[in-house]
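Okay, thanks everyone, let's get going. I'll put the sequence and the model up, and then we'll walk through some helix packing.

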Amino acid sequence: MFLRAVARPLMARVKQTTGIVGLDVVPNAREVLIGLYSKTLNEIKAVPEDEGYRKAVESFTSHRLKVCQEEEDWEDIEKKLGCGQVEELIEEAQDELKLISLMNEWKPWGVPDDYECEVIENDAPVPKHVPLHRPPPLPTEFHKTLESLQSGKDTAAISSGESKA
């Protein structure tokens with residue numbers, strides 16, 4: 001047992017590169033993640049308990065912290081979490097800590113009950129400097145396929161791309 005506890009960290013594979021330009025390998029990523037996740041769980045306590053943001057952050061951060069505490073190897077952590085490389089997780093955790101501090105500053109949950117938000121209807125004129133984010137029309141081929149499917153015509157020919165000439 002002693003040999004396993006001492007030798008395992010020495011036998012662990014060492015990551016040579018992340019394969020992502022500008023993202024360096026963090027040799028002690030597990031320890032860094034545990035520290036960041038613990039700090040995140042501590043700082044999120046400043047957000048009111050009933051807020052969805054706090055619940056979401058506590059949920060995924062607790063899960064990630066548990067995985068990092070259970071697994072010794074960076075590969076196992078990446079596999080179990082399925083959210084990218086440990087170095088990416090470190091950046092995400094750092095960004096979340098920054099966001100928590102901004103959320104505590106902005107207090108979006110402190111909107112008074114009688115606050116009325118201005119609603120702009122679709123037919124209201126939009127200033128020229130504001131882009132209209134409307135998708136382009138769908139191609140006629142899409143509509144033909146949709147009509148064929150809705151009318152119950154030969155779906156095999158449609159899905160295979162064959163024309164019905």
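So, at what angle do helix H3 and helix H4 pack, and how far apart are their axes? Keep in mind that this is a predicted model. H3 covers residues 52–70 and H4 covers residues 74–81, and the two pack at about 150 degrees with their axes 9 Å apart. That angle makes H3 roughly antiparallel to H4. As for handedness, the crossing of H3 past H4 is right-handed.

Who is doing the touching? On the H3 side you have His 63, Arg 64, Val 67, Cys 68 and Glu 70, and on the H4 side Ile 77, Lys 80 and Leu 81. Sort the residues of that H3–H4 contact by class and you get 4 nonpolar, 1 polar and 3 charged.

Now let's turn to the other partner, H2. Helix H2 runs over residues 29–43, and its axis comes within 9 Å of the H3 axis, crossing at roughly 150 degrees. So H2 is roughly antiparallel to H3. Here, though, H2 passes H3 in a left-handed crossing, while H3 passes H4 in a right-handed one.

The contact list for this pair goes like this. H2 puts in Arg 30, Leu 33, Ile 34, Tyr 37, Ser 38, Thr 40 and Leu 41, and H3 answers with Val 57, Glu 58, Thr 61, Ser 62, Arg 64, Leu 65, Cys 68 and Gln 69. By class, the H2–H3 contact splits into 7 nonpolar, 5 polar and 3 charged residues. If you were paying attention, Arg 64 and Cys 68 of H3 turn up here, and they were in the H4 contact too.

Let me zoom in on one residue, Thr 40, which sits in helix H2. Is Thr 40 buried or exposed? Its relative accessible area is 2%, and the cut-off for buried is under 20%, so Thr 40 counts as buried. Skipping neighbours within four places in sequence, Thr 40 contacts Val 57, Thr 61, Ala 93, Glu 96, Leu 97 and Ile 100. Val 57 and Thr 61 are familiar from the H3 side of the H2 contact.

Zooming back out to the whole protein: there are 7 helices and 0 strands, so the pattern along the sequence reads α-α-α-α-α-α-α. Of the 165 residues, 25% count as buried. The exposed surface is about 12700 Å², with carbon and sulfur atoms supplying 55% of it. And among contacts with a separation of 6 or more, 59% come from residues 24 or more positions apart.

That's my bit, happy to take questions.

Notes
Residues numbered from 1 in each chain as written. Predicted model: local features only at pLDDT ≥ 70, side-chain atom pairs only at ≥ 80, totals over all residues. Heavy atoms only, no water. Axes fitted to C-alpha atoms, helices over the stretch in contact; angles between N-to-C directions. Helix = DSSP H or I, 4+ residues; strand = E, 2+ residues; numbered from the N terminus. Parallel < 35°, antiparallel > 145°, perpendicular 65-115°, else oblique. Left-handed = near helix turned anticlockwise from the far one by under 90°. Contact = heavy atoms within 4.5 Å. Nonpolar A, V, L, I, M, F, W, Y, C, P; charged D, E, K, R; others polar. Buried < 20%, exposed > 50% of the residue type's maximum accessible area, 1.4 Å probe, protein only. Areas by Shrake-Rupley, 256 points an atom, 1.4 Å probe, with all protein chains shown as cover.
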